[in-house]
There are 2 protein chains.
Amino acid sequence: LPINWWCLFAETDENIRRFAEKIFASDVKDEESRMELDPFDVAESCPISQQEMREELIQRESKESVEKRKKRLQRSRTISLAIPGAKTSASQLPAIKEVEISVPLYQSVPDFQRVAITGDYASGVTVEDFEVVCKGLFRALLIREKYMRTSHQRYLRTTAQYLRSIEGETWKEEDEVYPDFTFKEHDEDPFRTDNIPENLGYHTEMRDGVVYIYASKEAAAKNEPKDMPYPDRNIFVDDMNFLIALIAQGPVKTYTHRRLKFLFSKFSVHEMLNEMEEMKEVKNNPHRDFYNCRKVDTHIHAAACMNQKHLLRFIKKSYMVDADRIVHSSKGKKLTLKELFKKLNLHPYDLTVDSLDVHAGRQTFQRFDKFNAKYNPVGASELRDLYLKTENCIDGEYFATIIKEVASDLEDAKYQHSEPRLSIYGCSPEEWTKLSFWFNKHKVYSPNMKWMIQIPRIYDVFKSKNFISHFGKMLENIFLPVFEATINPQDNKELSIFLRNITGFDSVDDESKHSGHMFSAKSPKPQEWDIEKNPSYTYYIYYMYANIMVLNNLRKQKRSKVLVLCVYLILQYIKLSNCSISTVSDFGTGSSKHHKTGLLKKKSPVLQYLYYLTQVPIAMSPLSNNSLFLEYAKNPLLEFHQKGLMVSLSTDDPMQFHYTKEPLMEEYAIAAQVFKLSTCDICEIAKNSVLQCSLSHEVQSFGLHY
Amino acid sequence: LPINWWCLFAETDENIRRFAEKIFASDVKDEESRMELDPFDVAESCPISQQEMREELIQRESKESVEKRKKRLQRSRTISLAIPGAKTSASQLPAIKEVEISVPLYQSVPDFQRVAITGDYASGVTVEDFEVVCKGLFRALLIREKYMRTSHQRYLRTTAQYLRSIEGETWKEEDEVYPDFTFKEHDEDPFRTDNIPENLGYHTEMRDGVVYIYASKEAAAKNEPKDMPYPDRNIFVDDMNFLIALIAQGPVKTYTHRRLKFLFSKFSVHEMLNEMEEMKEVKNNPHRDFYNCRKVDTHIHAAACMNQKHLLRFIKKSYMVDADRIVHSSKGKKLTLKELFKKLNLHPYDLTVDSLDVHAGRQTFQRFDKFNAKYNPVGASELRDLYLKTENCIDGEYFATIIKEVASDLEDAKYQHSEPRLSIYGCSPEEWTKLSFWFNKHKVYSPNMKWMIQIPRIYDVFKSKNFISHFGKMLENIFLPVFEATINPQDNKELSIFLRNITGFDSVDDESKHSGHMFSAKSPKPQEWDIEKNPSYTYYIYYMYANIMVLNNLRKQKRSKVLVLCVYLILQYIKLSNCSISTVSDFGTGSSKHHKTGLLKKKSPVLQYLYYLTQVPIAMSPLSNNSLFLEYAKNPLLEFHQKGLMVSLSTDDPMQFHYTKEPLMEEYAIAAQVFKLSTCDICEIAKNSVLQCSLSHEVQSFGLHY
């Protein structure tokens with residue numbers, strides 16, 4: 001990849017920066033006065049822009065000559081119908097054919113009724129605004145493409161084709177980048193060590209929060225890093241500012257709002273015209289129905305991946321078998337399981353799911369603080385340590401066993417997969433070693449599970465307790481071990497094996513907390529960030545992205561067929577206000593997956609439309625939202641699906657939210673019932689979950705076609 | 001029981017009759033003009049009655065002397081606080097103690113915070129209206145008590161105590177009647193024949209639609225029936241008219257509406273004050289939680305009691321085992337399973353739940369006609385005959401096997417029971433024989449299942465095809481075989497055994513169909529009803545009630561410890577309009593259980609309040625409603641629960657509505673999620689389901705206390 005990509009749009013626009021800062025300020029203010037109109041919001045009817053439009057039309061009517069009118073007509077037609085890379089005709093069909101080719105087993109598009117839209121193209125905004133809007137959206141799409149490509153993440157092919165066509169270039173298949181998750185042959189032992197590559201002996205050092213790779217220590221002393229793309233913070237800030245400004249602009253809001261409404265109407269019309277045809281199609285598809293179409297739980301925390309009943313049963317079972325085993329030690333005193341329960345004044349026989357008290361209830365609604373306490377069974381952190389942690393007196397054996405039981409249920413169900421999250425906190429450099437020790441010792445592997453690393457954004461907590469000196473230290477703890485294992489895998493065998501099973505990183509926290517600090521060129525460097533305050537979301541995301549980008553390039557260059565890590569920035573626990581800033585940075589940094597963003601993107605039509613254009617994966621958990629922030633029937637899942645956004649369903653925390661033995665099926669069943677989804681709809685959502693996930697290509701295509 | 005009970009309120013009030021007819025007429029008219037105010041409805045604010053109230057208060061203020069006022073105060077206090085059978089004090093406590101006594105294992109009422117309401121009792125209506133209202137409600141309660149007692153059905157003890165106290169009588173425990181479901185010792189073979197009682201040799205004859213019992217044929221010729229209570233149609237009509245008039249009266253609507261609001265507020269206040277206390281209580285309850293608290297599926301159709309996946313699996317399995325078995329015969333031609341599928345142009349291997357097409361979808365919403373077609377797998381009535389019917393070429397073997405598989409799942413789940421419905425149509429006198437042959441041949445018995453008989457109200461269909469000559473014939477076909485088996489069990493062994501497993505009757509149809517005919521003293525007798533039109537709901541219900549009342553008295557008198565049948569009139573598939581008339585007759589006839597009446601009682605506060613006062617069991621299926629008539633979030637389940645009505649959850653048709661392997665748990669889980677029910681709430685609903693059902697007393701108390 002050309003390193004000069006980073007300088008794309010490098011002309012720092014002072015106006016944009018200032019506008020973005022104004023928006024940011026008003027966003028902060030908004031937090032206090034919620035009644036004001038959100039700057040990213042657009043009113044349903046939008047009377048002002050309608051009036052503008054009407055005036056524009058009247059003016060046009062009177063002024064415009066027939067000549068000019070024709071020209072405008074032509075131009076707008078060109079804009080709306082131009083197909084990039086179209087070799088045969090100017091109709092929409094080639095794009096569809098492209099899909100057919102890349103999806104070889106899809107039999108044929110049924111003979112659907114279609115609506116042709118003819119006549120003058122009406123964008124819904126004035127011609128001048130339309131040009132500004134399109135240029136803005138074009139630049140936004142290029143920004144995302146840049147961040148995705150430089151970190152070796154997939155970018156939607158159709159969008160890339162359009163972008164190349166607008167630039168007057170030819171799109172080439174070989175230019176495409178995508179992560180390669182294939183790492184193991186069939187029936188190969190996932191824990192084998194004989195195929196671990198040789199050490200490279202490179203030297204790594206973190207500079208200004210980003211890991212740099214040097215051929216040797218000497219090269220590091222001379223500050224001569226190896227020839228690889230490195231990120232540029234100032235350009236990132238500019239890009240962010242541009243996006244913030246873009247999504248707050250009136251005409252862009254109006255235009256994208258109208259486009260989204262149009263998409264929604266298209267869906268409705270298609271459904272009305274072709275519902276029966278689709279249903280026929282579904283019925284004629286042999287062997288395959290909703291039950292045996294593959295689905296992936298795209299967002300689930302390992303520490304809550306079992307349901308409450310399962311955890312309870314496990315606790316009772318462990319007591320029956322292991323009562324006299326030493327399982328706990330505090331202040332040097334060792335306790336057996338029996339003694340531990342005695343100390344807690346409990347007997348497992350008396351335990352019920354109610355006394356276990358891990359289920360979210362009415363008490364947790366809009367109370368994220370209370371929700372977090374639900375992770376402690378019977379309110380006792382000792383039990384959480386024993387049953388739900390990887391590090392404890394028994395080396396996380398119980399936790400590993402529970403997870404393997406969950407995995408074996410998935411394997412039995414055959415068509416269900418999941419991507420559970422394990423935590424790396426960045427508090428100590430030992431964390432990766434300990435986690436990979438746990439993974440290898442207990443052989444926590446299942447073909448139906450891929451692992452994600454979640455990084456809680458709790459620098460402020462560690463700093464206040466003086467565990468770390470500055471934010472840079474936290475970044476070092478998180479990233480240096482991974483670089484080290486990539487460069488010298490023979491010295492880090494366990495971590496290397498663990499990394500083969502990891503597919504991405506994940507950012508976890510309550511995004512509604514507004515840090516009040518805007519990430520700008522003047523923000524302190526990570527090693528200078530030694531105040532107690534948490535850096536802003538954007539700051540976190542930039543440094544996560546920057547390091548993962550370097551890491552991915554290293555892994556891609558130096559090892560063929562090795563795992564490429566992927567930024568999965570998942571917006572967790574978002575309240576309805578002031579989150580647009582965070583999502584902007586996600587859109588920019590090329591986060592591959594979003595969680596619960598439904599709750600925030602509802603507010604910004606521009607972001608929604610950009611998410612649609614690039615098909616950013618969104619993992620939604622309406623049941624979790626229902627317990628925490630948003631009533632089920634008000635969840636935007638259905639609306640997003642109808643607008644064509646790429647949504648999937650995930651459980652988040654079965655321990656806290658679900659009742660039945662099959663949490664993912666429960667999630668699908670409730671969505672199907674409440675939103676009256678057709679088989680077609682739920683199968684499409686299941687398909688999305690497969691496309692979003694990081695299973696190997698093989699399983700993915702299997703999931704879609706067999 | 002004294003036969004003169006029937007003459008209670010026998011003074012036929014001409015005014016009431018005329019008023020009721022007027023209401024009925026306006027109800028019919030209403031069907032055309034839905035925009036008008038429903039006569040049973042009350043506006044949320046009710047400005048007219050408020051104004052009346054205000055005027056009354058002003059008048060009172062000015063006129064009333066202090067003396068009079070005191071008297072009024074005293075009187076209203078007496079009315080509101082009088083406790084029947086209270087031996088210790090005039091406080092509310094004795095009633096609670098009563099409950100404690102009858103529920104021996106309930107440990108103690110927790111120390112809840114309570115709100116005391118002091119000061120003058122305000123009914124919300126004027127004193128004059130208040131008296132009229134109370135007298136009306138009193139009479140309504142007595143009417144229900146009469147119909148319940150004469151047919152040996154349980155009547156709420158607390159209500160009975162109040163009624164006796166108002167009458168100045170003493171309530172006695174030995175006066176209570178209740179059905180006795182105990183029919184078999186532990187581990188006794190349910191199909192044993194050696195304990196079948198001797199024949200009685202009585203003679204039965206149907207006269208005017210009711211079966212009469214005579215000592216002999218000669219007694220019948222002389223019209224000298226045995227000394228037993230028989231119903232009186234004119235009194236029934238008078239009672240109905242009274243109830244119709246009552247629920248349409250303004251002051252009664254206002255008063256009951258206010259009482260319901262009051263109940264609702266009490267629930268909210270209790271919840272706010274004691275939620276934590278309740279939760280503590282729940283947590284401290286050892287061994288027992290929502291998962292292992294017993295729950296009964298109170299309304300489920302046998303022909304749809306498996307889920308779609310189960311049916312699909314069974315069809316595939318049957319094909320693997322039985323491909324060459326003769327399973328179908330039409331017009332004398334016999335077909336093997338292989339040939340049948342070939343004829344249908346199908347191969348079971350290709351079948352999916354989509355092609356099976358038994359699940360309700362958006363297409364069925366508000367389309368009951370489409371819904372009924374969903375009972376045919378792959379749209380083929382041949383497969384329905386083969387897999388979901390008791391009478392076919394293989395004597396209903398497949399259907400029996402599927403049901404036994406469902407039963408074995410229930411037994412494995414241990415805490416789940418169900419009451420599936422089987423149909424008797426009344427089209428031929430052979431139906432009972434055939435059904436009991438099926439039951440005995442395949443030994444369709446499970447300790448976790450009790451059977452109900454559903455009687456579709458489709459006289460018009462049979463008459464139009466000339467299967468029966470008049471409505472009386474249909475009644476004969478339905479009831480004579482049951483009387484015959486009760487009197488001469490030795491000649492009807494199979495039916496006798498089957499009857500031991502049946503717990504009630506059920507009326508099935510779309511209640512929204514208004515017959516337009518009002519049941520009155522002038523209505524034709526059943527044997528005179530030879531027109532093609534269907535009799536009204538009330539007419540059906542009266543004749544079902546009348547026969548079951550005689551039957552129950554016969555069974556109770558002549559056989560100790562035999563099964564007593566129970567009227568379970570379940571209002572199926574109700575639309576939101578014009579159904580109050582039907583429910584009135586249910587309230588009168590003492591139906592023990594209601595289904596989906598949520599949809600209609602929402603409209604009449606008077607009926608709702610009467611249902612509350614006598615705790616009429618209501619079985620609700622919000623998922624079924626959601627697919628058919630009413631969106632999930634709008635279902636009145638939560639509101640009814642909060643008002644104190646006795647609601648339970650049921651699945652109705654798992655084949656059509658549910659997705660998971662545990663339909664009843666799915667129903668509970670979705671209700672808990674969408675309505676944010678606490679563990680307390682769902683356990684109370686589960687408790688209600690146990691109290692509503694017809695399991696033996698033993699299992700009931702086991703379900704509640706262990």
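Colleague: Asn223(B) sits in the loop between helix H7 (217–221) and helix H8 (233–248) of chain B. What makes a stretch a helix or a strand here?

Modeller: Both are DSSP runs, numbered from the N terminus: H or I over at least four residues for a helix, E over at least two for a strand. Do keep in mind that this is a predicted model, where local features need pLDDT of at least 70, side-chain atom pairs count only at pLDDT 80 or more, and totals for chains, interfaces and linings use all residues. Residues are numbered from 1 along each chain as its sequence is written, while chains are lettered from A and ligands numbered from 1 in the order in which they are written.

Colleague: Thanks! Is Asn223(B) buried or exposed, and how do you know?

Modeller: The test counts other C-beta atoms, placed from the backbone, within 10 Å of a residue's own: 20 or more is buried, 12 or fewer exposed, and anything in between partly exposed. Asn223(B) has 10 such neighbours, so the residue counts as exposed. Asn223(B) also has a positive phi of about 55° without being a glycine.

Colleague: What do you call Asp395(B), and why?

Modeller: Asp395(B) has 15 other C-beta atoms within 10 Å and is therefore partly exposed. Asp395(B) lies in the loop between helix H14 (381–388) and helix H15 (397–413) of chain B, and has a positive phi of about 55° although it is not a glycine.

Colleague: On to the two chains: how do you know how the copies are related?

Modeller: We superpose by least squares on the C-alpha atoms of residues with pLDDT of at least 70 in both copies. Chain A then falls on chain B with an RMSD of 0.1 Å, after a turn of 180° and a shift of 0.0 Å along the axis. The copies are thus related as by a two-fold rotation axis. In chain A, Ile670(A) has the C-alpha nearest that axis, at 3.3 Å.

Colleague: Why do you say that they meet through the same surface?

Modeller: Because 100% of the interface residues of chain A are also interface residues in chain B. Contact here means C-beta atoms, placed from the backbone, within 7 Å. Each chain is represented: 35 residues from chain A and 35 residues from chain B. H27(A) gives the most to the side of chain A that touches chain B, with 7 residues.

Colleague: And what makes E3(B) and E8(B) edge strands?

Modeller: Two strands pair if DSSP finds at least two bridges between them. In the open sheet E3-E6-E7-E8 of chain B, with parallel pairing, strand E3 (295–301) and strand E8 (502–508) each pair on one side only. E7(B) is joined to E8(B) by 6 bridges.

Note on methods
Two residues are in contact if their C-beta atoms, placed from the backbone, lie within 7 Å.
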